[in-house]
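Reader: I should like to learn how the features of a structural model are read, one at a time. Please give the general idea before each case.

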Amino acid sequence: MLEKLRKKMIASFENLLKDFSGLRTGRASASILDNIMVEAYGSMVPLQQVGTVNVPEARLLTIQVWDTSLIKPIEVAIRQSPSGLSPIVDGQLIRIIIPELSEERRKEICKLAGKYAEQCKIAIRNIRREGMDDAKKQEKNKEITEDQLKKISDDIQKMTDEFVKKIDGSLELKEKEIMKV
């Protein structure tokens, strides 16, 4: 039971790290484009499935588009994304210059990172509650003793505390990275 809960908590934490990787920090990173979906061939597909994303310089992203008919939809998808990026089309290559972030924009991104972290903490606490409820149900059905319930409850709380600490640490690192000029 504890292993199942740990796996769920790990999945929530990994999801947080994925969300963090999509936040702009003033430096080019291919992961900035991870959440961008492009209308291609009659359906929405991730940008990475229609072109190759490269980071040739610290503040430049390039996308080598495989099908020239998708250049316009890719450009539109990037412009409409919440990332605030402006693509420049150059033949089959799309260039994205990563602008310097203003102090105000950095603070907004930090708030968004904090929101992601809080959502992850809520998910971790929900997993804890689910585990506690299962343990209480087992004790009520006489599958485990009261002492075993106490030990399981303590273990679940320790695991929850461990993940909340990891979330706080990751948030602190991400905020430092975002605020670094």
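Author: The turns below treat helices, cores, cysteines, a pocket and backbone angles. This is a predicted model, in which local features need pLDDT of at least 70, side-chain atom pairs count only at pLDDT 80 or more, and totals for chains, interfaces and linings use all residues. Residues are numbered from 1 along each chain as its sequence is written, and side-chain values use heavy atoms, with hydrogens and water left out.

Reader: How is a helix with a buried side read, and which residues of helix 2 are buried?

Author: Helices (H or I, at least four residues) and strands (E, at least two) are DSSP runs numbered from the N terminus. Buried means under 20% relative accessible area, exposed over 50%, and partly exposed in between, with a 1.4 Å probe and protein chains only. In helix 2, residues 71-80, the buried positions are Ile-71, Ile-74, Glu-75, Ala-77 and Ile-78. They lie on the same side of helix 2 because they cover an arc of only 165° around the axis, the arc being that of the directions from the helix axis to the C-beta atoms. Lys-72 and Gln-80 are exposed on the face turned away from that buried side.

Reader: What covers the buried residues of helix 2?

Author: Contact means heavy atoms within 4.5 Å. The cover includes strand 1 (37-40), strand 4 (60-65), strand 5 (87-90) and strand 6 (93-97).

Reader: How is a nonpolar core recognised, and which residues have the most contacts inside the largest one?

Author: In soluble globular proteins, nonpolar side chains tend to be buried together. A nonpolar core is a set of buried Ala, Val, Leu, Ile, Met, Phe, Trp, Tyr and Cys residues joined through side-chain atoms within 4.5 Å. The largest here has 25 residues, and Leu-16, Phe-20 and Ile-167 have the most contacts inside it. Helix 1 (2-21), helix 3 (103-140) and helix 4 each supply at least two residues of this core, and helix 3 gives the most, with 9 residues. A second, separate core of 21 residues includes Ile-32, Leu-33, Ile-36 and Leu-70.

Reader: Which residues does Ile-167 touch, not counting residues up to four places away in sequence?

Author: Ile-167 touches Phe-13, Leu-16, Ala-117, Cys-120, Lys-121 and Ile-124. Lys-121 lies in helix 3 and is buried, with a relative accessible area of 16%. With residues up to four places away in sequence again left out, Lys-121 touches Val-164, Ile-167 and Asp-168.

Reader: Where does Met-179 lie, and is it buried or partly exposed?

Author: Met-179 lies in helix 4, residues 146-179, and is partly exposed at a relative accessible area of 29%. Leaving aside its neighbours within four places in sequence, Met-179 is in contact with Glu-103, Arg-106, Lys-107 and Cys-110.

Reader: How are cysteines assessed, and how many disulfides does a search of the whole structure find?

Author: A disulfide is a pair of cysteine sulfur atoms within 2.5 Å. The search finds 0 disulfides. For Cys-110, the closest cysteine sulfur is in Cys-120, 17 Å away, which is too far for a bond. Cys-110 counts as buried at 10% relative accessibility, and Cys-120 is buried as well, with a relative accessible area of 6%.

Reader: How is a pocket defined, and which residues lie nearest the centre of the largest pocket?

Author: On a 1 Å grid over the protein atoms alone, a pocket is an open set of points where a 1.4 Å probe fits, with protein on both sides within 12 Å along at least five of seven lines; lining residues have an atom within 4 Å of a point. Grid points are joined across faces, edges and corners, and a volume is the space filled by probe spheres set on the points. The largest pocket holds about 370 Å³ of space. Its lining has 18 residues, of which Gly-22, Asn-35, Pro-82, Ser-83 and Tyr-116 lie nearest the centre. Helix 3 gives the most to this lining, with 5 residues.

Reader: Finally, where do Tyr-41 and Lys-142 lie, and what is the phi of Tyr-41 and of Lys-142?

Author: Tyr-41 lies in the loop between strand 1 and strand 2 (43-46), and has a positive phi of about 55° although it is not a glycine. Tyr-41 is exposed, with a relative accessible area of 63%. Lys-142 is found in the loop between helix 3 and helix 4; Lys-142 is not a glycine, yet has a positive phi of about 65°. At 73% relative accessibility, Lys-142 counts as exposed.
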